[in-house]
Amino acid sequence: MAQAITAAAVRENLPVQHLLLRPGQVARRLYFLETGLVRGYTLVHGREVSSWFMQANDFVISIVSFLTQQPSAEYLELLEPSAVLSISFEQLQALYRDFPEFNLTGRLLIEKYYVLSEQRAQHLRSRTATERYELLLQSFPTVFQRVAVQHIASHLGMAPETLSRLRNRLA
């Protein structure tokens, strides 16, 4: 199985601001981020709203588009030069078919990222601005060194000025 995965994987070194996916494209590849940083975002009334950030050792995917093979509504943008490994949807399906034990790995990964997604959504819906800010810092301590303030603010559901005031108040 390891040989089949290695044979299927494509390694790329990609520059900052490279788009792994744009709205309207179908997510045809599953990425593993060896190094770097990715953000998922959508446009809401012409404004970028960051949904998530993923860093080294994370899998990166537009899950709905990849699993349904339908056009995506989101962008996947590299925020740093990044090294990625990827396999296609078809290759993943072949691995599942040829190595039934690999289905367990796939299920566990889907469960992990689904739980993270649900936790993120719950936090954004039910927590105060201060709590959302603190939770982000707990889960991603280097976020302010690696991500532009406007991206962090949009992720937290606030204006950059509000985030700045919050940071100053809590400093």
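Me: In this predicted model, which residues of helix H3 (residues 89-98) are called buried, and what makes them so?
Reply: They are Phe89, Leu92, Ala94, Leu95 and Tyr96. The label means under 20% relative accessible area. What they pack against is helix H1 (2-8), strand S3 (29-35), helix H2 (63-68), strand S8 (82-88) and helix H4 (102-126).

Me: H3 also holds residues 97 and 98. Why is Arg97 called exposed or buried?
Reply: Arg97 comes out at 60%, and exposed means over 50%, so Arg97 is exposed. Asp98, at 45%, counts as partly exposed.

Me: And what makes Asp98 and Arg97 a salt bridge?
Reply: The cut-off is a Lys or Arg side-chain nitrogen within 4 Å of an Asp or Glu carboxyl oxygen. This pair has 3.3 Å, N to O, so it qualifies.

Me: How do you know that Arg11 forms a salt bridge with Glu34?
Reply: Their closest N and O atoms are 2.7 Å apart, and the limit is 4 Å, so the pair passes. Arg11 sits in strand S1 (residues 10-14) and Glu34 in strand S3, so the bridge ties together parts 23 residues apart in sequence.

Me: Why is Glu34 called partly exposed?
Reply: Glu34 has 26% relative accessibility. That falls between the 20% and 50% limits, so partly exposed is the right label.

Me: What makes strand S2 (19-21) an edge strand?
Reply: The open sheet runs S2-S7-S4-S5, and S2 pairs on one side only, as does strand S5 (47-55).

Me: How do you know that S2 pairs with strand S7 (residues 75-78)?
Reply: Pairing takes at least two bridges, and 2 join these antiparallel strands, so they pair. Leu19 stands opposite Glu77 in S7.

Definitions and conventions. Residues are numbered from 1 along each chain as its sequence is written. This is a predicted model: local features need pLDDT of at least 70, side-chain atom pairs count only at pLDDT 80 or more; totals for chains, interfaces and linings use all residues. Side-chain values use heavy atoms; hydrogens and water are left out. Buried means under 20% relative accessible area, exposed over 50%, partly exposed in between (1.4 Å probe, protein chains only). Helices (H or I, at least four residues) and strands (E, at least two) are DSSP runs, numbered from the N terminus. Contact means heavy atoms within 4.5 Å.
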